Amino acid sequence: MRVYDFVVYLSEHIQIPLVHIENGDIVEEKIDIVVDKEGRVIQGPYPSVQDAYHKALESLSNALGEVENILDALEYRLEMEEPVKPGEIYTASYMAHALYYYAAYLYQLGRELGTRGMAPSRLLSYARALRRKALFIRRYARDVRLLHATVVQLSLDASMKRLTWLGTVALPAIVITGFYGMNLSWLPLADNPPAVFLILASAVAAFAYILNKI
């Protein structure tokens, strides 16, 4: 995971991260704004820092909604026992964690901007709510990972159970063929292959029936 260091120069230059989801990955842009000592925009794509900050929060909110929808879809597929690739779980988890750090940064940035009068309290409340939502989604991603691990473990347990059952059912046939494979003439029906095969089939069927009833 790439780590971003956002350096904010509140006296002259402000950088605000703008994130969105594109092709299943997080894409980041930076809003560069130059302000004077009174907070008026000298250079930048938005008329005010407040507008730029609000745009960043809206973009973050949309990204959080998309990741939540992805996690909902993954959870549904896991509950319906549909195949889910580990890479899908990893990607969703990565995005949830990354967006949480973006949300935490934007909240801290909003507090610093608020001390200079460039971000009203309503935007700070919005940023706080997004940070809480990002924390919820990050925990949701952890729960989906645990659900996926549980599904994988149950699948392995079922496979081992089938293999064990198959090996146990085949045990009578292995024992019987072991005796008849020694070419001992005194064994019953040793010179009658069809009868030996009938004995094998009967023993396997009887053992399978017993196991199924246990």
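Tyrosine 100 is buried, since its relative accessible area is 18% and the cut-off for burial is under 20%. This residue makes a handy entry point into the structure, which is a predicted model. Its partner in one of the 2 aromatic pairs of the structure is tyrosine 101: the two ring centres lie 5.7 Å apart and the ring planes meet at 65°, so the pair is edge-to-face. Tyrosine 101, with a relative accessibility of 48%, counts as partly exposed. The ring of tyrosine 100 also has a charge over it, for the charged end of arginine 138 sits 4.1 Å from the ring centre. A further arrangement of this kind involves tyrosine 107, whose face is covered by arginine 131 at 4.1 Å from the ring centre.

With these rings in view, it helps to step back to the overall fold. The protein contains 4 helices and 3 strands, and their order along the sequence is β-β-β-α-α-α-α. Of its 214 residues, 32% are buried. Among contacts with a separation of 6 or more, 63% join residues that are 24 or more positions apart. Helix α1 covers residues 49-79 and helix α2 covers residues 86-115. For α1, the length can be checked with simple arithmetic: 31 residues at 1.5 Å a residue should span 45 Å, and the end C-alpha atoms are indeed 45 Å apart, so the two values agree. After α1 comes glutamate 81, which has a positive phi, near 60°.

What lies inside the fold? In soluble globular proteins, nonpolar side chains tend to be buried together. Here the largest nonpolar core has 46 residues, and the members with the most contacts inside it are Ile16, Tyr53, Leu60, Leu99 and Leu106. At least two residues of this core come from each of β1 (13-22), β2 (25-35), α1, α2 and α3 (121-180). Helix α2 gives the most, with 14 residues. Isoleucine 16 shows how such a residue is surrounded: leaving aside neighbours within four places in sequence, its contacts are Glu29, Lys30, Ile31, Val49, Ala52, Tyr53, Ala56, Leu106 and Leu109.

Histidine 148 belongs to helix α3. Is this histidine buried or exposed? Histidine 148 is buried, because its relative accessible area of 13% falls under the 20% cut-off. Not counting residues up to four places away in sequence, histidine 148 touches Leu78, Val84, Pro86 and Ile89.

Charged residues offer another view of the model. Side chains of opposite charge can pair when their charged atoms come close. How many salt bridges are there? The count comes to 2. In one, arginine 77 joins glutamate 88, with the closest N and O atoms 2.8 Å apart. This pair links distant parts of the chain, as arginine 77 lies in helix α1 and glutamate 88 in helix α2, 11 residues apart. Arginine 77 is partly exposed at 23% relative accessibility, and glutamate 88 is partly exposed too, at 29%. In the other bridge, arginine 142 pairs with aspartate 143, and the closest N and O atoms are 3.7 Å apart. Both of these residues are partly exposed, with relative accessible areas of 41% for arginine 142 and 40% for aspartate 143.

Notes
Residues are numbered from 1 along each chain as its sequence is written. This is a predicted model: local features need pLDDT of at least 70, side-chain atom pairs count only at pLDDT 80 or more; totals for chains, interfaces and linings use all residues. Side-chain values use heavy atoms; hydrogens and water are left out. A salt bridge is a side-chain nitrogen of Lys or Arg within 4 Å of a carboxyl oxygen of Asp or Glu. Buried means under 20% relative accessible area, exposed over 50%, partly exposed in between (1.4 Å probe, protein chains only). A nonpolar core is a set of buried Ala, Val, Leu, Ile, Met, Phe, Trp, Tyr and Cys residues joined through side-chain atoms within 4.5 Å. Contact means heavy atoms within 4.5 Å. Rings of Phe, Tyr and Trp (its six-membered ring) pair if their centres lie within 6.5 Å; planes under 30 degrees apart count as stacked, over 60 as edge-to-face and the rest as tilted. A charge sits over a ring if NZ of Lys or CZ of Arg is within 6 Å of the ring centre and within 35 degrees of the ring normal. The expected span of a helix is 1.5 Å times one less than its number of residues.
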